[in-house]
Amino acid sequence: MPILKIARMGHPVLLREAEPVDDPTHPEIRRLIADMAETMQDASGIGLAAPQVHVPLRLFVWRGTAGVSVLVNPELEPLGEETESAWEGCLSIPGLRGCVTRPKRIRFRGLDAEGNPVSGEAEGLTARVMQHETDHLDGVLYPMRMEDLSLFGFTEELARAAGGTTR
Ligand code: NI
């Protein structure tokens, strides 16, 4: 399976709204999901959305404690008012990190790779990854969510400044 080329910030595919997937079990979609999972692992990412590999469809892969999962046609809604700020990176913005404030808890809905409905609640890192990846499907990159651009920089410099405590 090929490693796919990852679009970097500035490429228009990252700024457009992606289209819903009709059938997650279609052979082309299955191949896309498999290739995206491999590309994410190869790049040491924890999430990868289809527009990042130049495919404007509404699906993403992500890596959690249970391994690599896929969510197709995701719909998210915040649960409660509580927000959390944390550092994020993006395979489309290599070498940089930024601090982003997002809802701490979410409810998610979508389809799995077999086309079955999945839903649940997530918080912390999982909720953050799902929000970051779903943003990609709406043409939103994490710097567009940042409130304080002084908390944006090169990973190496931030790690040096913080004594290696940023992730
Ligand atoms: Ni990203």
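This briefing covers the annotated residues, the main sheet with its helices, and the cysteines of the structure above. The model is a predicted one, and the positions of annotated sites come from an unreviewed UniProt entry. In that entry a "binding site" is placed at Cys90, His132 and His136, while "active site" is listed for Glu133. The strands E1, E2, E3, E6 and E7 make up an open five-stranded sheet, on which helix H1 and helix H2 pack.

**Annotated binding site**

- The three residues that UniProt gives as "binding site" (unreviewed entry) are Cys90, His132 and His136; they span 47 residues in sequence, yet no two of their C-alpha atoms lie more than 10.2 Å apart, so they gather at one spot.
- Of these residues, Cys90 and His132 are included in the lining of the largest pocket.
- Cysteine 90 sits in the loop that runs between strand E4 (83-88) and strand E5 (96-103), and with a relative accessible area of 9% cysteine 90 is buried.
- When neighbours within four places in sequence are left aside, cysteine 90 is in contact with Gln52, His132, His136 and Tyr142, a list that includes the two histidines of the annotated "binding site".
- Histidine 136 belongs to helix H2 (residues 124-137) and counts as buried, at 1% relative accessibility.
- Beyond its neighbours within four places in sequence, histidine 136 is in contact with Arg16, Ala49, Pro51, Gln52, Cys90 and Leu141.

**Annotated active site**

- UniProt lists Glu133 under "active site" (unreviewed entry), and glutamate 133 is found in helix H2.
- Glutamate 133 has a relative accessible area of 4%, so it is buried, the limit for that class being under 20%.
- Setting aside neighbours within four places in sequence, the contacts of glutamate 133 are Gly47, Leu48, Ala49, Gln52 and Phe60; among the contacts of histidine 136 are likewise Ala49 and Gln52.

**The five-stranded sheet**

- The open sheet has the strand order E1-E2-E3-E6-E7, with antiparallel pairing.
- Strand E1 (47-49) and strand E7 (117-123) stand at the edges with a single partner strand each, so one side of each is left without a neighbour in the sheet.
- On average, and with direction ignored, neighbouring strands of this sheet are turned by 40° against each other.
- E2 and E3 run antiparallel and are joined by six bridges; they form a hairpin with two residues between them, and valine 61 has valine 70 in E3 as its bridge partner.
- Strand E3 (residues 67-78) pairs with strand E6 (residues 105-111) in the antiparallel sense over five bridges; in E6, leucine 111 is the bridge partner of valine 72, and isoleucine 106 is that of proline 78.
- E6 and E7, also antiparallel, are joined by seven bridges, with arginine 107 standing opposite glutamate 121 in E7.
- The hairpin of E6 and E7 has five residues between the strands, and in this hairpin glycine 115 takes a positive phi near 85°.
- The covered face of E6 consists of Ile106, Phe108 and Gly110, whereas Arg105, Arg107, Arg109 and Leu111 form its uncovered face; the bridged residues isoleucine 106 and leucine 111 thus named belong to the covered and the uncovered face, respectively.

**Helices on the sheet**

- Helix H1 (residues 27-42) packs on the sheet, where it touches E1, strand E2 (59-64) and E3, and its direction makes about 40° with that of E2.
- H2, which also packs on the sheet, touches E1, E2, E3, E6 and E7, and its direction makes about 160° with that of E2.
- H2 is the helix that holds both histidine 136 and glutamate 133.

**Cysteines**

- Searching the whole structure for disulfides gives zero.
- For cysteine 99 the closest cysteine sulfur is that of cysteine 90, 16 Å away, which is too far for a bond, since a disulfide needs the two sulfur atoms within 2.5 Å.
- Cysteine 99 counts as buried at 16% relative accessibility, and cysteine 90 is buried at 9%.

Definitions and conventions:
Residues numbered from 1 in each chain as written. Predicted model: local features only at pLDDT ≥ 70, side-chain atom pairs only at ≥ 80, totals over all residues. Heavy atoms only, no water. UniProt positions renumbered as here; feature names shortened; annotations may be inferred. 1 Å grid on protein atoms, 1.4 Å probe; cavity = no way out; pocket = protein on both sides within 12 Å on 5 of 7 lines; lining within 4 Å. Helix = DSSP H or I, 4+ residues; strand = E, 2+ residues; numbered from the N terminus. Buried < 20%, exposed > 50% of the residue type's maximum accessible area, 1.4 Å probe, protein only. Contact = heavy atoms within 4.5 Å. Pairing = 2+ DSSP bridges. Axes fitted to C-alpha atoms, helices over the stretch in contact; angles between N-to-C directions.
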